[in-house]
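Please examine the sequence and the structure shown below. The explanation after them proceeds from helix packing to the nonpolar core, the aromatic residues and one strand.

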Amino acid sequence: MAKVIFFYQQPKDLDGFEAYYSQVHHPLLKMFPNSNSVSIHRVIRTKNTDLNLYLLVELQFESLEILQQSIVSPEAEMAIKDLENLTQYLTHPPIMSIVN
């Protein structure tokens, strides 16, 4: 199993972020080909970091190879391009990690 994980810090415009994320960006993530699931987690508390994390989003894939094929798809490119629109609500762009 492999995952792409996005870490979002506390938005500067929480209401705008929530509306845009749920109505526009999240549906784009659900279009990633061969994704087993898309999970959203609200961060309650963090330790050992100065980051004010707010949201963690995981896209899960059967293997690293499938993930790598998916992230270069036209659907993934749409979601990546849409990050530009989402950042208007953020102080910092999301952190992205790929884990296997």
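The paragraphs that follow lead through the structure, which is a predicted model.

A convenient starting point is the pairing of two helices. The axes of helix α1 (residues 14-29) and helix α3 (residues 74-86) approach within 9 Å and cross at roughly 170 degrees. Because angles over 145 degrees count as roughly antiparallel, α1 is roughly antiparallel to α3. On the α1 side, the contact involves Phe17, Tyr20, Tyr21, Val24, His25, Leu28 and Leu29; α3 contributes Met78, Ala79, Asp82, Leu83, Asn85 and Leu86. Sorted by class, the residues of this contact are ten nonpolar, two polar and one charged.

Several of these residues recur in the interior. The largest nonpolar core has 22 residues, and those with the most contacts inside it are Tyr8, Phe17, Tyr21, Val57, Leu59 and Leu86. Two or more residues come from each of β1 (2-9), α1, β3 and α3. Leu86 illustrates how such contacts are distributed: leaving aside residues up to four places away in sequence, Leu86 touches Tyr8, Phe17, Tyr20, Tyr21 and His25.

Aromatic rings form a further set of links. Five aromatic pairs are found in a search of the whole structure. In one of them, Phe17 and Tyr54 have ring centres 6.1 Å apart and planes at 80 degrees, so the pair is edge-to-face. This pair links distant parts of the chain, since Phe17 belongs to helix α1 and Tyr54 to strand β3, 37 residues apart. Both partners are buried: Phe17 has 0% relative accessibility, and Tyr54 has a relative accessible area of 13%. Ring pairs also join Tyr8, Phe17, Tyr21 and Tyr54 into a cluster.

Strand β3 deserves separate attention. Which residues does Phe61 touch, not counting those up to four places away in sequence? Phe61, which lies in strand β3, touches Met1, Ala2, Val4, Phe32, Pro33, Asn34, Ser35, Asn36, Ile66, Leu67 and Ser70. Phe61 counts as buried, because its relative accessibility is 0%. Phe61 and Pro33 are 28 residues apart along the chain, and their C-alpha atoms are separated by 9.4 Å.

Glu58 is also found in β3, which spans residues 53-61. With a relative accessible area of 17%, Glu58 is buried, as the limit for that class is under 20%. Apart from residues up to four places away in sequence, Glu58 touches Lys3, Val4, Ile5, Ser37, Val38, Ser39 and His41.

Key: Residues numbered from 1 in each chain as written. Predicted model: local features only at pLDDT ≥ 70, side-chain atom pairs only at ≥ 80, totals over all residues. Heavy atoms only, no water. Helix = DSSP H or I, 4+ residues; strand = E, 2+ residues; numbered from the N terminus. Buried < 20%, exposed > 50% of the residue type's maximum accessible area, 1.4 Å probe, protein only. Contact = heavy atoms within 4.5 Å. Axes fitted to C-alpha atoms, helices over the stretch in contact; angles between N-to-C directions. Parallel < 35°, antiparallel > 145°, perpendicular 65-115°, else oblique. Nonpolar A, V, L, I, M, F, W, Y, C, P; charged D, E, K, R; others polar. Core = buried A, V, L, I, M, F, W, Y, C linked by side-chain atoms within 4.5 Å. Phe/Tyr/Trp six-rings, centres within 6.5 Å; stacked < 30°, edge-to-face > 60°.
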